[in-house]
Amino acid sequence: MRTVRTLGLLGTGVIGGGWAARALHFGIDVLAADVKPEMEGWIRGAVENAEAALARLTLAPLPKKGRLSFTTDLNAMAGQVDFIQENIPEQLELKQRVLAQVSRHAPADVLIASSTSGLMPSDLQRDMLHPERFLVAHPFNPVYLLPLVELVAGRQTSAATIEAAARFFSYIGMHPLKVRREVPGHLTDRLQEALWREILHMVNEDVASTGELDESIIYGPGLRWAAMGTNLIYHLAGGETGMRHMLRQFGPALKWPWTKLEAPELSESLIDKMVQGTQAQAQGRSIRELERLRDGYLVAIQQVLRQFDIGAGATLRALERRLYEDAAATAGQRLRSSREQGTVPRLLEVEVRPEWVDYNGHMTDSRYLQVFGDATDALLRHAGVNERYRASGRSLFTVESHVRHLAEARALEPLYVTTRVLELDDKRVRLFHSLHRRDDTLVATAEQVYLHVSAGKAAAMDPVLRTSLEELRTAQARLPPPAGAGRVALAPR
Ligand SMILES: NC(=O)c1ccc[n+]([C@@H]2O[C@H](COP(=O)([O-])OP(=O)(O)OC[C@H]3O[C@@H](n4cnc5c(N)ncnc54)[C@H](O)[C@@H]3O)[C@@H](O)[C@H]2O)c1
C-alpha cells in the first residue's frame, strides 16, 4: 500500500464528515466526494465543529493540518487519492455498484474500505476490480473522537490489506480491532443491538422510560465499560475465583431467560414513546448542543484513561508517543543539515492554534512555554532521551526558564523555533530558543536550564547523550552568542 498523504471519501454525511475531521487534524489531506454538491458546505461545517474538541485531545506537537477539497466527480476522486473510505447509505446494492465503479478508477495499490455498520465484506467486494484491496473499516460516531475501528476481511481480501489498513488507522490515532471472521453487524453493533432490542421491549411494555433505561447504564455499567468492558468486569464480580465463580453463580439465570432477543414490532405507539422519551431527556437542548457536551466529556474521559494507560487512554498515549517521535525525527534531520551548514537548526514549525489565543487576540503566555518545551523535547529525544531512556528512571527536568516577549503571535500564524545549546556539563544543559515569524521577525526567546536526574536525584547524563549535545554545542560555538542570552546562568548549587 502507498503512504497515505491524501484520503478519499465517498459520501460526506455524518460519518464522512467525522473521517475528514480526524484525518485533517493529523496532517492528512482529504478529497471528499459526494453526489450532492451542497454537501461541500456541510462537510466544511462538520470539520469546523469537530475541531473544538479535537484541539483539546492532546498537547503533543501536531503536523500541519491537512487540506480539504471537495468534488462531485467520484471517479476523479478515485484517481487522485492514496486510500478510499466509503460512507454512503447502508444499502447493499448501492454500495456494491459504487464500489465496483470507483475500483475501476483507483490504481490497484489504493486500498478501499467501507464504513458499513453491518454488511458483509464478501458481498460488498463482489463486483470490484482488485477486490483483494477491499475491507470493512467500521468506525463509531463521532469518528474524530472515538478510536475504535473494526477491520473485517471478505473472502477475497488479502492479509496484507488488513495489515496496511491497521497501520494507517493507528497513524491517525485509532484502535484497529481485527475481527476474526465476517458476521452481520461485526462485533460491536451485534452487541449494541442486543441491548437496543431489550430497550425497545421495555419501553414498549411500559417497564421503563428511555430516560430511566439510560440512567440504568450511566450510573453503573457505563462507567465500568469504558476501561474494562463486560468480560473483565464480570471476572472481577466473581470474587477471588473470578469468572469461574461468576459463571457458576449467575450462569443458571441465562436459561430463564431475562432477555427476549427477537425485536418488538416498531409500532407507531412504540416510535412515539421513544421519540417523546428522548425529547424529554434532551430538555430543550439542540442536537448541536448535545454533541458539544458529548464531545467535551469524550475528550476528558480519554485523558483520564490515559493516566491509567488503559483502553482508549492507552491508544491516546500511543498516538502521542508517535507524534513526539515524528517531531524528534524532523528535528533530527534539521539538526544534521544545520550542523553541515554551520547554521542554527529550526527544530520546530508550528501554527498558532485558535485555542492558544487569549482575549487580546494574541498567543497566551503558557503556550510559549508549551512551544519551547516541544522544541526541547524534540532536541532531547533526538539526542537519546527516548521512552527507553525514561523507563530507566532518567530524564531532564526544567529548573529555570526565562521568556522574553518581543512581538505578538496571532491565531493561525505560522512560526518556527531555532535552538542553541549554550552551555553543558555532566548534569546540566542551557538552551536558548528563539521563536520567529515566517518573515524571521523574532517573536520571543526562552533561555532554559535543564537538570539531568536519575531516580529523582541530580545525576550525570549518559555519555551518549552528553556527546550528542556536546557535538551540537561545539558546532554552534563559532556563532556569535544570541542577543539577550545570559540572563540565566549555570550558577553553582
Ligand atoms: N451514523 C452512524 O452512527 C454510523 C456509524 C458507523 C458507521 N456508519 C455507516 O456509515 C455509512 C454512512 O452513514 P451516515 O450516517 O454517514 O449516512 P448519511 O446519510 O449521513 O451520509 C450518506 C452520504 O452519502 C451520500 N451519497 C448517497 N449516494 C451516494 C453516491 N452514490 N455516491 C456518493 N455519495 C453518495 C449522501 O449524499 C450523503 O451525504 C453507512 O454505511 C452507515 O452504516 C454509520
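**Exercise 1. The pairing around β7**

Determine which residue of β7 stands opposite A137, and how β7 is joined to its partner strands in this predicted model.

Solution.
Step 1. A137 faces L151 of β7.
Step 2. β6 and β7 run antiparallel and are joined by 3 bridges.
Step 3. On the pairing with β8, V149 stands opposite P176. β7 and β8 pair in the parallel sense, over 4 bridges.
Step 4. The path from β7 to β8 goes through helix α6 (residues 159-171), and the three elements make a right-handed β-α-β unit.
Step 5. Of the 5 residues of β7, 4 are buried, so this strand is largely enclosed by the rest of the structure.

**Exercise 2. The order of the sheet**

Give the strand order of the open sheet of 8 strands and find which strands stand at the edges.

Solution.
Step 1. The order is β3-β2-β1-β4-β5-β6-β7-β8, and the pairing is mixed.
Step 2. The edges are β3 (68-71) and β8 (175-178); each has a single partner strand, so one side of each is left without a neighbour in the sheet.
Step 3. From one strand to the next, the twist averages 25 degrees.
Step 4. Helix α1 packs on this sheet and touches β1, β2, β3, β4, β6 (134-138) and β7 (148-152). The direction of α1 makes about 175 degrees with that of β1.
Step 5. Helix α2 (residues 39-54) also packs on the sheet, in contact with β1, β2 and β3. Its direction makes about 160 degrees with that of β3.

**Exercise 3. Two parallel pairs**

Describe the pairing of β1 with β4 and of β2 with β3, with a bridge partner for each.

Solution.
Step 1. Strands of a sheet pair through backbone hydrogen bonds, in a parallel or an antiparallel way.
Step 2. Strand β1 (residues 6-10) and strand β4 (residues 83-86) pair in the parallel sense, with 4 bridges. L9 has Q85 of β4 as its bridge partner.
Step 3. β2 and β3 run parallel and are joined by 4 bridges. Here L31 has S69 of β3 as its bridge partner.
Step 4. β2, α2 and β3 form a right-handed β-α-β unit.

**Exercise 4. The surroundings of F26**

Is F26 buried or exposed, and which residues does F26 touch?

Solution.
Step 1. F26 is located in the loop between α1 (14-25) and β2 (29-33).
Step 2. Its relative accessibility is 1%; the cut-off for buried is under 20%, so F26 counts as buried.
Step 3. Leaving out residues up to four places away in sequence, F26 touches L62, P63, Y171, I172, L319 and L323.
Step 4. V371 is 345 residues from F26 in sequence, and their C-alpha atoms are 18 Å apart in space.

**Exercise 5. The packing of α12 and α13**

Classify the arrangement of α12 and α13 from the angle between them, and sort the residues of their contact.

Solution.
Step 1. Helix α12 (residues 287-308) packs with helix α13 (residues 311-341) at an angle of about 85 degrees, and the axes are 7 Å apart.
Step 2. Angles of 65 to 115 degrees count as roughly perpendicular. The two helices, α12 and α13, are therefore roughly perpendicular to each other.
Step 3. On the α12 side the contact involves Q302, Q303, L305, R306 and Q307; on the α13 side it involves A312, G313, L316, R317 and E320.
Step 4. These residues divide into 3 nonpolar, 4 polar and 3 charged.

**Exercise 6. Backbone exceptions**

Locate the cis peptide bonds that precede P142 and P257, and the positive phi values of H186 and Q283.

Solution.
Step 1. As a reference, most peptide bonds are trans, and most residues other than glycine have a negative phi.
Step 2. The bond from N141 to P142 is cis, with omega near 0 degrees. P142 lies in the loop between β6 and β7.
Step 3. The bond from W256 to P257 is cis as well, with omega near -20 degrees. P257 belongs to the loop between α10 (242-250) and α11 (268-282).
Step 4. H186, which is not a glycine, has a positive phi of about 50 degrees. This residue is in the loop between β8 and α7 (188-204). H186 counts as buried, at 1% relative accessibility.
Step 5. Q283 has a positive phi near 45 degrees and is in the loop between α11 and α12. At 64% relative accessibility, Q283 counts as exposed.

Notes
Residues numbered from 1 in each chain as written. Predicted model: local features only at pLDDT ≥ 70, side-chain atom pairs only at ≥ 80, totals over all residues. Heavy atoms only, no water. Axes fitted to C-alpha atoms, helices over the stretch in contact; angles between N-to-C directions. Parallel < 35°, antiparallel > 145°, perpendicular 65-115°, else oblique. Contact = heavy atoms within 4.5 Å. Nonpolar A, V, L, I, M, F, W, Y, C, P; charged D, E, K, R; others polar. Buried < 20%, exposed > 50% of the residue type's maximum accessible area, 1.4 Å probe, protein only. Pairing = 2+ DSSP bridges. Right-handed = clockwise from strand over helix to strand, strands pointing away.
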